Amino acid sequence: MPDDPNPVKLRAVLDQGADVLLHGANFDDARAQATALAHDSGARLVGAANEPDIIAGVGTLYLELFQQAPGLDVLVVPVGGGSGAAAASLVAAAVAPHTEVIGVQSAGSPAAHDSWHTGTLVERDNATRAEGPRRRLRVRGHAGPD
């Protein structure tokens, strides 16, 4: 994790019994260090976004959401690494094809937005610490739980 990680995520990882190594100013610095450590030790680095099992796991959240709100017209999902947005899109296509899935990303961290619009993978500076925005579910005009 970066030298100054999100304290909630850090606590969650430590509570699972993991060892945490802090390195670098941002996620990219930490990922580069993790990649080097995995290479040197022969370990497999599990990425946060490009892992089918992680996407499937996150997908269970969206499956439950669609079961609880089958009339959902629009689902707005944050786009960070992409696993949540991918999971939401896959589950919606399978069980709620009428639901429009809209991915949102901070203007301070536009890599996914710019990649989508250019049709090629691009890197952009991340100028925000925003992550995991609180979601508010709205179904047929009634606000749901946070």
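## Nonpolar patch

Strands here are DSSP runs of at least two residues, numbered from the N terminus. The model is predicted. In it, β1 (74-78) and β2 each supply at least two residues of a nonpolar surface patch. The patch is made by V74, V76, I102 and V104. Its area is about 280 Å².

V74 sits in strand β1. Is V74 buried, exposed or partly exposed? Its relative accessible area is 37%. Partly exposed lies between 20% and 50%, so V74 is partly exposed.

## Helix α3

Helix α3 covers residues 52-68, 17 residues in total. At 1.5 Å a residue, α3 should span 24 Å. Its end C-alpha atoms are 24 Å apart, so the span agrees with what is expected.

Which residues of α3 are buried? They are I55, G59, Y62, L65 and F66. An α-helix has 3.6 residues a turn, so residues three or four places apart point the same way. The buried residues of α3 pack against β1 and α4 (83-95). Strand β1 thus has two roles in this account: it is packed against by α3, and it supplies residues of the nonpolar patch.

## The loop at S109

S109 lies in the loop between β2 (100-104) and α5 (111-118). Is S109 buried or exposed? Its relative accessibility is 17%. The cut-off for buried is under 20%, so S109 counts as buried.

What does S109 touch, leaving aside residues up to four places away in sequence? The contacts are D125, N126 and T128.

Terms used: Residues are numbered from 1 along each chain as its sequence is written. This is a predicted model: local features need pLDDT of at least 70, side-chain atom pairs count only at pLDDT 80 or more; totals for chains, interfaces and linings use all residues. Side-chain values use heavy atoms; hydrogens and water are left out. Helices (H or I, at least four residues) and strands (E, at least two) are DSSP runs, numbered from the N terminus. Buried means under 20% relative accessible area, exposed over 50%, partly exposed in between (1.4 Å probe, protein chains only). Contact means heavy atoms within 4.5 Å. Patches are made of residues with over 30% relative accessible area and no salt bridge: like charges are joined within 9 Å, nonpolar side chains (Val, Leu, Ile, Met, Phe, Trp, Tyr) within 5 Å. Accessible areas come from the Shrake-Rupley method with a 1.4 Å probe; for residues, only the protein chains shown count as cover. A salt bridge is a side-chain nitrogen of Lys or Arg within 4 Å of a carboxyl oxygen of Asp or Glu. The expected span of a helix is 1.5 Å times one less than its number of residues.
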